[in-house]
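Trainee: I'd like a close look at one part here, the surroundings of the ligand. Please take me through them in one go, and tie in the rest of the chain where it helps.

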Amino acid sequence: MGHLLSRPSPHPAILEYKGGADSSTETLADKRPGSTIDELSLLTRAKGHYWYPVDGKKVLDGCGGAGVACIGHGRQDVIKVAMAQMKAFSYVSYAHFKTAPVQALSDWLIASTRGRMQKVYIMCSGSEAVEAALKMSREYFVWKGEPQRVNFITRWESYHGTTIGSLSASGHVVRRGPFEPMLLSQFHRISSCNPYRQRLEGESDAEFVARKIQELEDTFQRLGPTTVAAVILEPTVGAALGCVPAVPGYLSAMKLVCERHGALMIFDEVMCGMGRTGTLHAWEQEQTVPDLQTIAKGFSGGYQPASALLVGETIAEVMRQDEKAFTHGHTYQNHPVVAATALKVQQIIQDEKLLSNVRTQGRLLERLLEERLGSHPNVGNIRGRGLFWGIEFVKDRKTKEPFDPALQISHQIFRVALKDFRVLVYHGQGCAGGGRGDHIMVMPAYNITGRLVEEIVERVASAVEEVFR
Ligand SMILES: Cc1ncc(COP(=O)(O)O)c(C=O)c1O
């Protein structure tokens with residue numbers, strides 16, 4: 001019997017939400033018996049591309065947690081650098097001293113953008129980096145004497161973080177749900193860029209992009225173009241849509257609209273950046289440089305909690321000229337151990353030519369997923385870039401009708417993959433809009449081998465087949 005039929009009835013809270021749980025939404029799942037939290041096994045160690053829980057056989061890492069562990073687990077070269085920094089000094093306030101690791105990492109990051117980004121603030125989480133980007137946008141306009149710019153344009157089916165500001169920017173129905181009345185009213189959502197669900201019959205890329213651009217323009221006009229501080233978007237949408245890259249031409253056209261109205265463009269590359277989609281910065285794929293860029297996850301590969309806000313030349317220039325300082329700071333900002341570790345991870349990615357491997361293994365991953373699952377009756381769409389691939393599940397391939405969220409299809413696949421096939425994938429809901437639609441994400445480490453890509457696909461496909469059998 002397939003797992004679909006043997007699923008226990010969902011907790012009433014899930015039905016109430018009309019959405020569902022995903023890999024980082026514990027609030028729904030952990031309250032019901034047999035939930036993710038109850039099922040979690042104690043992890044004892046992780047090495048290379050495997051997790052070792054106490055409940056039995058090792059688990060093949062098909063997603064690096066939330067797309068984080070990009071060079072595998074337990075690298076002694078990284079651990080050595082982190083320990084050496086801790087021995088020298090483990091903490092200092094950024095307000096008291098500059099430190100060599102922070103300077104080295106900032107210089108490295110700026111050079112990696114060929115100077116298009118000119119200032120760096122190192123933080124610990126993606127939410128912090130997004131929060132800082134939103135506040136920096138606002139303060140920039142205060143410096144410029146345009147204090148009426150208080151509005152932000154964001155997109156549905158997006159995720160930018162868990163704090164009030166970053167969640168206000170997010171268009172993730174389920175994660176916003178309980179907090180909706182507390183979220184900020186200055187955030188205005190337009191549609192995502194999702195050709196699988198939104199492209200009209202016979203519509204070309206250019207026509208599709210034109211429609212999206214018109215929607216952005218209309219939103220600027222509705223709000224009053226001079227009231228908009230920034231547009232924020234993920235170049236390839238991660239957890240909220242399941243690895244959907246922007247249609248060619250979309251990013252540059254969106255940026256042009258911002259420029260025309262004097263607003264800033266923020267690219268949230270927390271998940272899709274730092275090599276995950278095949279180039280160090282996702283914006284390199286369309287040569288569209290944002291005004292502000294957030295990075296995290298693959299930045300430190302999980303060896304330290306690391307994120308950063310990168311500031312582009314327009315804002316940096318105003319800061320330099322007018323000697324402005326950002327009214328913002330965290331206790332752990334510019335943490336020396338975080339910086340030393342992230343720099344080492346980046347040097348490994350560079351020295352071992354891992355971005356080229358991301359592109360090579362990414363092509364293999366795409367081909368194998370397509371071969372193995374492309375014609376499955378419940379697989380609606382397989383999409384992604386680099387080592388960032390999403391599989392969307394549907395009740396009916398023709399109508400693209402999603403499953404009832406209460407069935408928690410993606411959670412079931414995650415569970416069966418982990419328990420029965422010992423492979424870890426990331427799962428999410430909401431990709432069809434309005435909290436509906438199930439997807440899983442496959443995001444192996446950048447140093448994955450072809451043999452392990454084959455094994456991941458085989459195990460994931462077996463789990464999918466088992467759930468729908
Ligand atoms: C695109 C994006 N932005 C921001 C965040 C928030 O990052 P964090 O969970 O580290 O706070 C995430 C997390 O998944 C993300 O995917």
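Mentor: One definition before we start: accessible areas here come from the Shrake-Rupley method with a 1.4 Å probe. On that basis the protein exposes about 18600 Å², with carbon and sulfur atoms supplying 54% of it. Keep in mind that this is a predicted model.

Quick setting first, then the ligand. The protein has 18 helices and 17 strands, and its C-alpha atoms fill a box of roughly 70 × 55 × 40 Å along the principal axes. For 469 residues a compact globule would come out near 23 Å in radius of gyration, so the 22 Å of this protein agrees with that. Of the 469 residues, 60% count as buried. As for contacts with a separation of 6 or more, 71% of them join residues 24 or more positions apart.

Now the part you asked about. Around the ligand you'll find Ser125, Gly126, Ser127, Tyr159, His160, Gly161, Glu234, Asp268, Val270, Met271 and Lys297. Sorted by character, that shell is three nonpolar, five polar and three charged residues. Look at the polar atoms next. A polar backbone atom of glycine 126 is 2.8 Å from an oxygen atom of the ligand. Tyrosine 159 also comes in through its backbone, with an N or O atom 3.4 Å from a ligand nitrogen. With aspartate 268 it's the side chain: one of its N or O atoms is 2.7 Å from a nitrogen atom of the ligand. Taken alone the ligand exposes 390 Å², and the protein buries 85% of that.

From the shell you can step outwards through Met271. That residue is among the contacts of alanine 239, along with Arg175, Tyr426, His439 and Met441, once neighbours within four places in sequence are set aside. Alanine 239 sits in the loop between strand 8 (236-237) and strand 9 (244-245). Its relative accessibility is 5%, so alanine 239 counts as buried. Its partner Met441 is 202 residues away along the chain, yet the two C-alpha atoms are separated by 8.0 Å.

Asp268 gives you another way out: strand 10 covers 264-269, and the loop from there to strand 11 (292-295) holds histidine 281. That histidine is buried because its relative accessibility is 0%. Its side chain makes a polar contact of 3.0 Å with the side chain of glutamine 293. Beyond four places in sequence, histidine 281 touches Ser112, Thr113, Glu269, Met274, Gln293 and Leu310.

Met274, one of those contacts, deserves a second look. It lies in the loop between strand 10 and strand 11, and at 0% relative accessibility it counts as buried. What stands out is the backbone: methionine 274 has a positive phi of about 50° although it is not a glycine. Most residues other than glycine have a negative phi.

For a comparison elsewhere in the chain, try lysine 400, a non-glycine residue with a positive phi near 65°. Lysine 400 is in the loop between strand 14 (388-393) and helix 17 (409-421). With a relative accessible area of 28%, lysine 400 is partly exposed, whereas methionine 274 is buried.

Terms used:
Residues are numbered from 1 along each chain as its sequence is written. This is a predicted model: local features need pLDDT of at least 70, side-chain atom pairs count only at pLDDT 80 or more; totals for chains, interfaces and linings use all residues. Side-chain values use heavy atoms; hydrogens and water are left out. A residue is near a molecule or strand if one of its heavy atoms lies within 4 Å of it. A polar contact is a pair of N or O atoms within 3.5 Å; within protein, one must be able to donate a hydrogen and the other to accept it, and residues adjacent in sequence count only if both atoms are side-chain atoms. Ala, Val, Leu, Ile, Met, Phe, Trp, Tyr, Cys and Pro count as nonpolar, Asp, Glu, Lys and Arg as charged, and the others, Gly among them, as polar. Helices (H or I, at least four residues) and strands (E, at least two) are DSSP runs, numbered from the N terminus. Buried means under 20% relative accessible area, exposed over 50%, partly exposed in between (1.4 Å probe, protein chains only). Contact means heavy atoms within 4.5 Å. The radius of gyration is taken over C-alpha atoms; the globule rule is 2.2 Å times the number of residues to the power 0.38.
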